[in-house]
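Biologist: I should be grateful for a close look at a single part of this protein, the metal site. Please set out what surrounds the metal, and then continue to whatever else can be described with care.

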Amino acid sequence: MTDRMDILVFGAHADDAEIGMGGTIAKHVQAGFKVAVCDLTCSELSSNGTVERRKKEAEEASRILGLAERSNLGLPDRGIFVCQEHIEAVAMEIRRLRPRIVFAPYSLDRHPDHVLCGQIVTEAVFNAKLRRLRPDIDSVAVEAVYYYYINDVAEPDLMIDISDCYETKQRSLLAYESQFESPVGREDVVWTPLNQGYLERVEARDRVLGMKRQVAYAEGFATKVPYLTSLLL
Ligand SMILES: [Zn+2]
């Protein structure tokens, strides 16, 4: 039987979770919480890297972050849709790992698979709690869903101060060497947005978000419902 997770992060591709919230993951792992990442696809259509190499990179990034588990649903790259089959695959993963909190990509992003991943996860969280849907597997009601930014950024509803975990986030991103390495002098590597200053842009975004609350680095999140707390102090 799989241990219950505190946090489950969904991404369309390995590296989505690290780009958007590697610092938040590292911070919660260091605080003793169990964090899992589930990638929906094997990124078989990535312009650079192979499925095998990306799998190894994801394993290395998972080790750096201290993930309790990383899974891959093997759905088709550029073939994920808000359909019953894919919603159920995600809902069953939520039931298997039984997280308290789920994270998914934000609803606006230049990559359509990030947008679709967020929509599928939203639907799946809802279905995971319906006890009469697939009654053979125990239903689970997650406490909250938060949306993280990958390529696009919006005014966050919530920020996490990740200043003391930034180095870990950077190391987890650098594990995805096939995505960020320069094509200069290489015949087998092509230019993509990811190998043209992308990591510097992610760092700049996290710094700008941190500036809103006078911390060195922050990751921002959106919520569909107001963030609820019982005490402010
Ligand atoms: Zn992606």
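Modeller: His-13 counts as buried, because its relative accessibility is 8%, under the 20% cut-off. Asp-16 is likewise buried, at 1% relative accessibility. In this predicted model, both residues serve the zinc ion, which is coordinated by ND1 of His-13, OD of Asp-16 and NE2 of His-114 at 2.0 to 2.1 Å. Along the sequence, the spacing of these donor residues reads H-x2-D-x97-H.

Beyond the metal site, a pair of helices can be described. The axes of helix H5 (residues 166-174) and helix H7 (residues 198-211) come within 12 Å and cross at roughly 155 degrees. H5 is therefore roughly antiparallel to H7, and their crossing is right-handed. On the H5 side, the contact is made by Tyr-166, Lys-169, Gln-170, Leu-173 and Leu-174; H7 contributes Leu-199, Val-202, Glu-203, Arg-205 and Asp-206. By class, the contact of H5 with H7 has five nonpolar, four charged and one polar residue.

The loop between H7 and strand S7 (218-222) holds Gln-214. The phi angle of Gln-214 is near 55 degrees, a positive value in a residue other than glycine. Gln-214 is exposed, with a relative accessible area of 69%. Arg-78 also has a positive phi, near 60 degrees, and lies in the loop between strand S3 (69-75) and helix H3 (84-97). With a relative accessible area of 44%, Arg-78 is partly exposed.

Terms used:
Residues are numbered from 1 along each chain as its sequence is written. This is a predicted model: local features need pLDDT of at least 70, side-chain atom pairs count only at pLDDT 80 or more; totals for chains, interfaces and linings use all residues. Side-chain values use heavy atoms; hydrogens and water are left out. Donors are N, O and S atoms within 2.8 Å of the metal (3.2 Å for Na, K and Ca); water is not among the atoms, so sites may look incomplete. Buried means under 20% relative accessible area, exposed over 50%, partly exposed in between (1.4 Å probe, protein chains only). Axes are lines fitted to C-alpha atoms, for helices over the stretch in contact, and angles run from 0 to 180 degrees between N-to-C directions. Helices (H or I, at least four residues) and strands (E, at least two) are DSSP runs, numbered from the N terminus. Angles under 35 degrees count as roughly parallel, over 145 as roughly antiparallel, 65 to 115 as roughly perpendicular and the rest as oblique. A crossing is left-handed if the near helix is turned anticlockwise from the far one by less than a right angle, and right-handed if clockwise. Contact means heavy atoms within 4.5 Å. Ala, Val, Leu, Ile, Met, Phe, Trp, Tyr, Cys and Pro count as nonpolar, Asp, Glu, Lys and Arg as charged, and the others, Gly among them, as polar.
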